[in-house]
Amino acid sequence: MTEARTQVWGEALSDAELITAVRGGDPSAYGALYERHAAAAHSVARQYVRSTVDADDVVSDAFARTLSVLQNGGGPDVTFRAYLFTVVRRLSYDLVN
């Protein structure tokens with residue numbers, strides 16, 4: 001049932017609606033955001049770091065930090081991808097410098 005709900009989240013709602021659901025305590029909504037944006041975030045990370053492993057670490061950390069911010073009421077209201085990419089770039093910069 002959880003898998004079907006995540007699929008419905010992913011197809012039916014906008015990022016803004018998913019963000020609202022995350023703030024309301026629904027972790028499956030964040031799973032939908034992850035599935036929607038992880039590949040793009042990884043592509044951004046690969047532009048800045050030396051290896052695929054480093055990119056994986058950056059993306060993982062970026063999603064974890066963004067989740068924490070959302071759960072505490074901060075972060076984006078609409079532009080999840082832009083916010084995530086900013087976190088990815090900052091973490092990548094910290095890793096290579």
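**An all-helix chain and its core**

Of the 97 residues in the chain, 36% count as buried. The model is a predicted one, with a mean pLDDT of 91 over the chain and 89% of residues reaching 70 or more. Confidence is not spread evenly over the elements: helix α1 (residues 2-12) comes out lowest, with a mean pLDDT of 53, while helix α4 (residues 52-71) comes out highest, at 98.

As for the overall layout, the chain holds 5 helices and 0 strands, so reading from the N terminus simply gives α-α-α-α-α. Among contacts with a separation of 6 or more, 56% are made by residues 24 or more positions apart. On the outside, the chain exposes about 5700 Å², and 52% of that is supplied by carbon and sulfur atoms.

Turning to the inside, the largest nonpolar core has 26 residues, and the members that touch the most others are Tyr-30, Leu-33, Ala-41, Phe-63, Phe-80, Leu-84 and Val-88. Two or more residues apiece come from α2, α3 (27-48), α4 and α5 (80-96). The largest share belongs to α3, which puts in 9 residues.

Phe-80, one of those well-connected core members, is a handy place to look at how the parts meet. Leaving out residues up to four places away in sequence, Phe-80 touches Asp-15, Ile-19, Tyr-30, Leu-33, His-37, Phe-63, Thr-66 and Leu-70. Two of these partners, Tyr-30 and Leu-33, are also on the list of core residues that touch the most other members.

Helix α2 is worth a look of its own. The buried residues here are Asp-15, Leu-18, Ile-19, Ala-21 and Val-22. Viewed down the helix axis, they fall within an arc of 160°, so the buried residues of α2 line one face of the helix. Just past the end of α2, Gly-25 adopts a positive phi of about 100°.

What about the acidic residue in that buried set? Asp-15 sits in helix α2, which spans residues 15-23. Its relative accessibility is 15%, and because the cut-off for buried is under 20%, Asp-15 counts as buried. The side chain of Asp-15 is joined to that of Arg-36 by a polar contact of 2.5 Å. Beyond its neighbours within four places in sequence, Asp-15 is in contact with Leu-33, Arg-36, His-37, Val-78 and Phe-80. Leu-33 and His-37 turn up again among the residues that Phe-80 touches.

Methods
Residues are numbered from 1 along each chain as its sequence is written. This is a predicted model: local features need pLDDT of at least 70, side-chain atom pairs count only at pLDDT 80 or more; totals for chains, interfaces and linings use all residues. Side-chain values use heavy atoms; hydrogens and water are left out. pLDDT is the predictor's confidence in each residue, from 0 to 100. Helices (H or I, at least four residues) and strands (E, at least two) are DSSP runs, numbered from the N terminus. Buried means under 20% relative accessible area, exposed over 50%, partly exposed in between (1.4 Å probe, protein chains only). A polar contact is a pair of N or O atoms within 3.5 Å; within protein, one must be able to donate a hydrogen and the other to accept it, and residues adjacent in sequence count only if both atoms are side-chain atoms. Contact means heavy atoms within 4.5 Å. A nonpolar core is a set of buried Ala, Val, Leu, Ile, Met, Phe, Trp, Tyr and Cys residues joined through side-chain atoms within 4.5 Å. The arc is that of the directions from the helix axis to the C-beta atoms. Accessible areas come from the Shrake-Rupley method with a 1.4 Å probe; for residues, only the protein chains shown count as cover.
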